[in-house]
Amino acid sequence: MDYRDLRIDIYADGADIATMKKQHDEGFVKGFTTNPTLMKKAGVEDYRSFAKEAAATITDASLSFEVFADDFPTMEKEARVLAGFGDNVFVKIPVTNTRGEHSTELIRRLSHEGLKLNVTAIFTLEQVKEVLDALDPGVEAIVSVFAGRITNAGIDAEPVIAEAAELSHRHGNAKVLWASSREIFNVIQAERSGADIITLTDDILKALPTIGKDLDEYSLETVKMFYNDGKALGYRIL
């Protein structure tokens, strides 16, 4: 299998505009997601300026920007500002706030007013069902299920994603996103479980060409790498 034959949409996970533009221009990446943690890592100092510049730079691919507030009235105000940066902007709303209060009514209000939402930090099918019930079937939305973190808890994420995808596809315009990817094999898992989108960090994106690689060739390359690294370091046993 060649990675270019994948049916699932690949989104890049990051917050560096130069990298985002490069990935967009290469034509393989179909959308972009950000979050406060990625922005902190990228050294973003002014969120509004970053979001406005990203939306002005990339106008024909999905962009997801997350609200920062922890109370729903302020989240709503932030969501409206972010949505105003472009028609391709999806506003990321966490499924709960830090007190565990569900964002359902805010999601319902914004979605039914036509805002495109990316509901994030979803871990359970109960949360998926609650979110889908709140979303307007006629408005585009993304349901981000954190498959990588689900597997960190020792749970197989594929059945969760498969059921989430089935529910979402029956709902209307909601797409399921496999979030928090850890390795290349997650792409295969996401596609076969029926997810519409998977987000990948830049290091995983760069490894995509290894999909379908001949394993004998891969084995030889690995042996050569070990040999050359040992030689370069001047290691000796005898």
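This report walks through a predicted model, from its barrel and helices to its cores and one buried methionine.

## The barrel

Let's start with the strands. Eight of them close into a barrel, in the order β1-β2-β3-β4-β5-β6-β7-β8, and the pairing is parallel. From one strand to the next, the twist averages 30 degrees.

Where does β1 sit in all this? On one side β1 pairs with β2, in parallel, through 3 bridges, and Ala12 has Phe32 of β2 as its bridge partner. β1 also pairs with β8, again in the parallel sense, with 4 bridges; here Tyr11 is opposite Thr199 of β8.

## Strand β8 and its way in

β8 covers residues 197-200, and both of its faces are covered. Ile197 and Thr199 are on one side, Ile198 and Leu200 are on the other, and all four are buried. As background, side chains in a regular strand alternate between the two faces of the sheet.

β8 also has β7 (residues 174-178) as a parallel partner, over 2 bridges, with Trp178 opposite Ile198. To get from β7 to β8, the chain goes through helix α9 (residues 185-192), and this β-α-β crossover is right-handed.

## Helix α1, a two-sided helix

Which residues of α1 (residues 17-26) are buried? They are Ile17, Met20 and Gln23. Viewed down the helix axis, these buried residues fall within an arc of 125 degrees, so they line one face of α1. That fits the usual geometry: an α-helix has 3.6 residues a turn, so residues three or four places apart point the same way.

The cover over this buried side includes β1 (9-13), β2 (31-33), α3 (47-57), β3 (62-66) and α10 (202-206). On the face turned away from it you'll find the exposed residues Ala18, Lys22, Asp25 and Glu26. Right after α1 comes Gly27, with a positive phi near 85 degrees.

## Helices on the sheet

Helix α4 (residues 72-83) packs on the sheet and touches β3 and β4 (89-94). The direction of α4 makes about 160 degrees with that of β4. Helix α5 (residues 104-112) lies across β4 and β5 (117-122), and it runs at about 160 degrees to β5.

## Two nonpolar cores

The largest nonpolar core has 69 residues. The members touching the most others are Phe65, Ile93, Leu117, Leu135, Val143, Val145 and Val187. Helix α8 (residues 157-171) supplies the largest share of this core, 6 residues. For general context, nonpolar side chains tend to be buried together in soluble globular proteins.

What does Val187 touch? Leaving out residues up to four places away in sequence, the contacts of Val187 are Leu6, Ile8, Ile10, Ile198, Leu200, Leu208 and Ile211. There is also a second, separate core of 7 residues, among them Tyr11, Ile142, Leu177 and Ala179.

## A look at Met75

Met75 is in helix α4. Is Met75 buried or exposed? Its relative accessibility is 1%, so Met75 counts as buried, the cut-off being under 20%.

With residues up to four places away in sequence set aside, Met75 touches Val67, Ala69, Asp70, Pro94, Asn97 and Leu106. As for Ala134, Met75 is 59 residues from it in sequence, and their C-alpha atoms are 16 Å apart in space.

Note on methods. Residues numbered from 1 in each chain as written. Predicted model: local features only at pLDDT ≥ 70, side-chain atom pairs only at ≥ 80, totals over all residues. Heavy atoms only, no water. Buried < 20%, exposed > 50% of the residue type's maximum accessible area, 1.4 Å probe, protein only. Arc of directions from axis to C-beta. Contact = heavy atoms within 4.5 Å. Pairing = 2+ DSSP bridges. Axes fitted to C-alpha atoms, helices over the stretch in contact; angles between N-to-C directions. Core = buried A, V, L, I, M, F, W, Y, C linked by side-chain atoms within 4.5 Å. Right-handed = clockwise from strand over helix to strand, strands pointing away.
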